[in-house]
Amino acid sequence: SKRWGKAIAILKEFEEKCATPTLKLKQVADAMTVEMHAGLASDGGSKLKMLISFVDNLPTGNEEGLFYALDLGGTNFRVLRVQLGGKDGVVGQEFTEVSIPPNLMVGTSHELFDYIAAELSKFVNEESEDFKVPPGRKRELGFTFSFPVKQTSISSGDLINWTKGFKIDDAVGQDVVAELRKAIERQGLDMNITALVNDTVGTLAGGRHTNKDVIAAVILGTGTNAAYVESAQAIPKWHGDLPKSGEMVINMEWGNFRSSHLPLTEYDYSLDAESLNPGEQTFEKIISGMYLGEIVRRVLYKMAEEAWFFGETVPSKLKVPFILRTPDMSAMHHDSSADLNVVKTKLKEILEISDTSLEVRKVVVALCNIVATRGARLSAAGIVGILKKLGKDTITNGEGQKNVIAMDGGLYEHYTEYRKCLENTLKELLGEGVSDSVIVEHSNDGSGTGAALLAASHSFYL
Ligand code: ADP
Ligand code: MG
């Protein structure tokens, strides 16, 4: 029918606009490399902030003692305690995960930090005999804070801006460690914050602790970001003393990457315009978990409105921003039943669309595939950009040398089709020889352990 033809035309046009042929991905990778250089040259030199982490030594594996970590970065935050046993590694670990009430994500700094500190305090009070603070010492904490921060030392840094649905204006420009410290004091808790780290930096540290060949870390979760180990001499904007190690971990803040080579569509432009941070986080808005389901919703909405894809009225739930979450999208995408039962159920339960035909459901799956494929292929291109910057995209470096990328985040962990596509695209872009030397390794909650390790290696008592 005419309506069906129109719906398919909308889908096809979207698919064409999302196309990521190899050549385009190579251009994206090259653009990433160019922007990395620009961001390292000067502050404000690029959309890529290339933030200096003040981590110039990754954990050695000799760290010892009880350390806490607090991981704030998305919809949940985690509190951990880790007993480090030197050569024996992590000998004890406990954690709790709490979701952040949505009103606190757009409220005041005081309210957010009080809430976090209260949860931290509760958790500390439940510490058992198995964990031991050395006599005469305060407890120490590594604070994983996954938003752009201009660090002023390993344990201080000012918030540059919020991302991922957070918008707490009075915290912008403030030292987040000072904010947390004050909130901890208000709880009557006696604890030192010895390291402030981005989740990518924590994941890099945690990954390196178990595998010496880790050179970079990538997070694909609610948002996305990457960090890597850079030669200190290759950072023109660094005016401090050259670290003894000769290295510095750089938090790229790659979510804010943008390039004319990125395949953007009308849906991406409108999503951006209606977001809390228009014009920012362009890369993040097409590859990360917070947004993929929302892009699918926007295309479905257009099909409903212009091609009566779901009947003569537009289903009202389809008008609600962010109602279709990425985990639901991935469940539909992974539906292997002959009659696409999962798709049917999701459409009914989330969007209140019943009586869908198999044909309609197939279109929904195809749409999920387009959105996930674009995201996964672009994230692979971003990784190739980092390898290029490090000169590790050719086989000239040592025989048998392995370059490991530590990966984490709910999207990477749970969205199998996305992960497979990312891994295949890396092979496609690197070619056979090189791709054997590049290993993507899942670093399960490396960022929490990593923050505890960094708190240990920067302990007040060393
Ligand atoms: P955060 O990034 O908030 O620190 P996570 O790394 O746990 O936390 O990532 C959570 C995100 O991962 C969710 O916001 C969601 O976008 C994505 N995600 C979680 N589960 C799934 C799933 N089953 N399929 C696809 N994406 C998922
Ligand atoms: Mg996280």
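This passage describes the overall fold, the domains, the ligand shell and selected local features of one predicted chain.

The model is predicted, and local features are therefore reported at pLDDT of at least 70 and side-chain atom pairs at pLDDT 80 or more, whereas totals for chains, interfaces and linings use all residues. Residues are numbered from 1 along each chain as its sequence is written, while chains are lettered from A and ligands numbered from 1 in the order in which they are written.

The secondary structure of the chain amounts to 14 helices and 13 strands, where helices (H or I, at least four residues) and strands (E, at least two) are DSSP runs numbered from the N terminus. With a radius of gyration of 23 Å, close to the 23 Å that the globule rule gives for 462 residues, the chain is as compact as a globular protein of that length; the radius is taken over C-alpha atoms, and the rule is 2.2 Å times the number of residues to the power 0.38. The C-alpha trace spans about 80 × 55 × 40 Å along its principal axes. Buried residues account for 48% of the 462 residues, a residue being buried if 20 or more other C-beta atoms, placed from the backbone, lie within 10 Å of its own, exposed if 12 or fewer do, and partly exposed in between. Of the contacts between residues at least 6 apart in sequence, 74% join residues at least 24 apart, with contact defined as C-beta atoms, placed from the backbone, within 7 Å.

The chain is divided into domain 1 (1-51 + 211-443) and domain 2 (54-197), with bounds that come from an automatic or database domain assignment. The C-alpha centres of the two domains lie 28 Å apart, and their contact takes 17 residues from domain 1 and 13 residues from domain 2. On the side of domain 1 that touches domain 2, strand β11 (residues 247-251) gives the most, with 3 residues, and the residues of that side comprise 6 nonpolar, 7 polar and 4 charged. In this classification Ala, Val, Leu, Ile, Met, Phe, Trp, Tyr, Cys and Pro count as nonpolar, Asp, Glu, Lys and Arg as charged, and the others, Gly among them, as polar.

Ligand 1 is surrounded by 16 residues, of which G74, G221, G289, G410 and H414 come nearest; a residue belongs to such a shell if its C-beta atom, placed from the backbone, lies within 6 Å of the molecule. Two or more residues are given to this shell by each of α8, α9 and α12 (410-414). The shell has 4 nonpolar, 12 polar and no charged residues, and at least three residues are drawn from each of domain 1 and domain 2.

Helices α8 (residues 289-307) and α9 (residues 326-333) also meet each other, through G289, L292, G293 and V296 in α8 and T326, D328 and M329 in α9.

Elsewhere, T200 lies in helix α5 (residues 199-210) and is buried, with 33 other C-beta atoms within 10 Å. Leaving aside residues up to four places away in sequence, T200 touches A217, I219, N225, A226, A227 and N251. Two residues other than glycine have a positive phi of about 55°: K164 and D355. K164, in the loop between β7 (156-159) and α4 (176-186), is buried with 24 other C-beta atoms within 10 Å, whereas D355, in the loop between α10 (341-351) and α11 (358-389), counts as exposed with 10 C-beta neighbours inside 10 Å.

Definitions and conventions. Contact = placed C-beta atoms within 7 Å.
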